[in-house]
Amino acid sequence: MTNNDVLRSVRYMLDLSDSKVVEIFALASCDVPLEDVQAWLKKDDDAAYRPCPDVLMGYFLNGLIFHRRGKSEDAPAPSIERRMNNNIFLKKLRIAFALKTTDIPEILLKANFKVSQAEIGAIFRNPDHKNYRECGDQILRNFLKGLTLVQRPAPVKKA
């Protein structure tokens, strides 16, 4: 998935305004103009659309961790990756939402996508490990969909 796809999904999931997205970047000590954020949130076929760079997406995800969990002066800030991939997206989102590895298959099931705990464990391994597995777009897309269902449950209809 692209950085822009993940950014749009998280923005919708948490019902963030464009200015709140700028504030989240600022939590990670990254000043991003509102116009850039608006260009990144546009649809891919819009003339004003611009791709979000990997480094800035790393700052956003770190800012999201600080936004959701608070900033600890004792703990070092998470590293900023120069190249983003689906495994990093999943790891940073797991940290931001304080999820355990065992929570992820449950979230995926909410999006009607079944994955074993072993497959999830392989995604979180070090890339040099023999059992490492790349996270595919389908897993990340369904994870974001399931997490959105958890964060924004459908309103209960009154009878």
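Contact, in this tour, means that heavy atoms lie within 4.5 Å. The model on your screen is predicted, and for that reason local features are described only where pLDDT is at least 70 and side-chain atom pairs only at pLDDT 80 or more, while totals for chains, interfaces and linings use all residues. Residues are numbered from 1 along each chain as its sequence is written, and side-chain values use heavy atoms, with hydrogens and water left out.

**First stop: Asn 86**

Select Asn 86, which has its place in helix H5; helices here are DSSP runs of H or I with at least four residues, numbered from the N terminus. Leaving aside residues up to four places away in sequence, Asn 86 touches Met 1, Cys 135, Gly 136, Asp 137 and Leu 140. Is Asn 86 buried or exposed? Its relative accessible area is 8%, so Asn 86 is buried, a word that means under 20% relative accessible area with a 1.4 Å probe and protein chains only.

Now show the polar contacts of this side chain, each being a pair of N or O atoms within 3.5 Å in which, within protein, one atom must be able to donate a hydrogen and the other to accept it, and residues adjacent in sequence count only if both atoms are side-chain atoms. The side chain of Asn 86 makes such a contact with the side chain of Asp 137 at 2.7 Å, and a polar atom of the Asn 86 side chain lies 3.1 Å from the backbone oxygen of Cys 135.

**Second stop: the whole of H5**

Extend the selection to residues 86-96, the 11 residues of H5, of which eight are buried, so the helix is largely enclosed by the rest of the structure. Among the buried ones are Ile 88, Phe 89, Leu 90 and Leu 93, and the cover over the buried residues includes H1 (3-14), H4 (54-69), H7 (117-123) and H8 (137-151). At the start of H5, look for a side-chain oxygen of Asn 85 that comes within 2.9 Å of the backbone nitrogen of Asn 87, and just after the helix find Ala 98, which has a positive phi of about 55°.

**Third stop: H8 and Asn 142**

Move on to H8, where the buried residues pack against H1, H5, H6 (103-110) and H7. One residue to select in H8 is Asn 142, which counts as buried at 14% relative accessibility. A polar atom of the Asn 142 side chain lies 2.9 Å from the backbone oxygen of Gln 138, and, residues up to four places away in sequence again left out, Asn 142 touches Leu 108, Ala 111 and Phe 113.

**Last stop: the rings**

How many aromatic pairs does the structure hold? There are two, where rings of Phe, Tyr and Trp (its six-membered ring) pair if their centres lie within 6.5 Å, and planes under 30 degrees apart count as stacked, over 60 as edge-to-face and the rest as tilted. Select Phe 25 and Trp 40, whose ring centres are 5.8 Å apart with planes at 50°, so the pair is tilted. Phe 25 lies in H2 and Trp 40 in H3, so the pair ties together parts that are 15 residues apart in sequence. Add Phe 60, which forms a tilted pair with Phe 25 at 5.4 Å centre to centre and 50° between the planes. This pair links distant parts of the chain, with Phe 25 in H2 and Phe 60 in H4, 35 residues apart. With all three selected, you can see the cluster into which ring pairs link Phe 25, Trp 40 and Phe 60.

Definitions and conventions:
Buried means under 20% relative accessible area, exposed over 50%, partly exposed in between (1.4 Å probe, protein chains only). Helices (H or I, at least four residues) and strands (E, at least two) are DSSP runs, numbered from the N terminus.
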